[in-house]
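Trainee: I am new to this structure and would like to go through it step by step. Could we begin with the order of its elements?

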Amino acid sequence: MAIELPDLPYARDALAPHISENTINFHYGKHHQAYVSNLNGLIAGTDLEAKSLEDIIITIAGDDSKTGIFNNAAQVWNHTFYWHSMTPNGGGAPKGALAEAIKQSFGGLEGFKEKFKAAAATRFGSGWAWLVLDGGKLRIISTGNADLPLAHGQKALLTIDVWEHAYYLDFQNLRPSYIDTFMDHLINWDFAEANFTS
Ligand code: MN3
């Protein structure tokens with residue numbers, strides 16, 4: 001059972017002007033597709049081929065002999081989760097139970113933004129920043145390269161990709177501007193809340 005590239009949850013130009021169709025064409029059309037193709041090549045003919053993407057990740061997390069498979073599998077998962085973490089006309093404020101939890105954990109939306117931006121901006125090199133549930137508590141973390149909460153027993157609620165390929169065409173080297181744009185215009189709080197309450 002080959003792993004497939006999932007459809008984007010919106011049109012390729014739907015996040016413009018914040019994230020351009022050009023970025024999506026490369027980031028989704030080339031990078032995400034390449035992780036899918038690489039993964040399928042690496043698991044072909046092995047017993048991982050019959051597993052779901054999440055099972056592949058959990059099965060080989062921490063196995064130093066399978067780093068290449070882990071990196072590609074994790075990047076397939078991370079990118080699908082990232083596309084859903086954004087929505088046209090996103091941003092704004094969380095609602096309901098998640099809003100209450102953010103208030104408890106970070107003092108409110110501004111406290112969340114400050115910590116999330118710091119995690120995303122200070123991740124050296126390539127990686128991801130995340131809002132996660134860890135032992136029932138909200139936490140903001142960052143991971144390097146392909147690493148992800150699923151490999152550490154945490155539940156992902158929201159993510160931003162801070163690999164340069166995510167922002168260089170639209171923001172050049174200005175990662176902080178990309179992070180602000182993500183938080184102010186793109187965050188899909190409905191997705192985060194659905195993950196929080198499921
Ligand atoms: Mn990426």
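Mentor: From the N terminus on, the elements run α-α-α-α-α-β-β-β-α-α-α, where helices (H or I, at least four residues) and strands (E, at least two) are DSSP runs numbered from the N terminus. This is a predicted model, in which local features need pLDDT of at least 70 and side-chain atom pairs count only at pLDDT 80 or more, while totals for chains, interfaces and linings use all residues. Residues are numbered from 1 along each chain as its sequence is written, and side-chain values use heavy atoms, with hydrogens and water left out.

Trainee: How many helices and how many strands are there in the protein?

Mentor: The order just given places the strands after five helices and before three others. The protein therefore has, by the DSSP runs defined above, a count of eight helices and three strands.

Trainee: What radius of gyration does the protein have, set against a compact globule?

Mentor: The radius of gyration is taken over C-alpha atoms, and the globule rule is 2.2 Å times the number of residues to the power 0.38. Along the principal axes, the C-alpha atoms fill a box of roughly 50 × 40 × 30 Å. Because a compact globule of 198 residues would have a radius near 16 Å, the value for the protein agrees with that rule, being 16 Å.

Trainee: Into which domains is the protein divided, and how many residues of each are in contact?

Mentor: The bounds, which come from an automatic or database domain assignment, give domain 1 (21-84) and domain 2 (96-197). Their C-alpha centres lie 20 Å apart. Counting contact as heavy atoms within 4.5 Å, the residues that meet are 20 from domain 1 and 24 from domain 2.

Trainee: Which helix gives the largest share of the largest nonpolar core?

Mentor: A nonpolar core is a set of buried Ala, Val, Leu, Ile, Met, Phe, Trp, Tyr and Cys residues joined through side-chain atoms within 4.5 Å, and buried means under 20% relative accessible area, exposed over 50% and partly exposed in between (1.4 Å probe, protein chains only). The largest core has 64 residues, and those with the most contacts inside it are Y82, F112, L138, I160 and Y178. Its largest share, nine residues, comes from residues 67-84, which form helix α3.

Trainee: Is I140 buried or exposed?

Mentor: I140 is found in strand β2 (residues 137-144). Beyond four places away in sequence, I140 touches F106, F112, K115, F116, A119, W130 and L131. Because its relative accessible area is 18%, I140 counts as buried.

Trainee: Which residues coordinate the manganese ion?

Mentor: Donors are N, O and S atoms within 2.8 Å of the metal (3.2 Å for Na, K and Ca), and water is not among the atoms, so sites may look incomplete. The spacing of the donor residues in sequence is H-x51-H-x81-D-x3-H. H27 in helix α1 (residues 21-43) and D161 in strand β3 are 134 residues apart, a pair that links distant parts of the chain, and both are buried. At 1.9 to 2.2 Å, the ion is coordinated by H27 (NE2), H79 (NE2), D161 (OD) and H165 (NE2).

Trainee: Against which elements do the buried residues of α6 pack?

Mentor: In helix α6 (residues 164-171), the buried residues are H165, A166, Y167 and F171. Just after this helix, Q172 takes a positive phi of about 50°. The elements that the buried residues of α6 pack against are α1, α3, β3 and α7 (175-186).

Trainee: What is the relative accessible area of Q75?

Mentor: Q75 lies in helix α3. Leaving out residues up to four places away in sequence, Q75 touches H32, Y35, W128, N145, A146 and W163. Q75 is buried because its relative accessible area is 1%.

Trainee: Is N145 buried or partly exposed?

Mentor: N145 is found in the loop between β2 and β3, and although it is not a glycine, N145 has a positive phi of about 55°. With a relative accessible area of 47%, N145 is therefore partly exposed.
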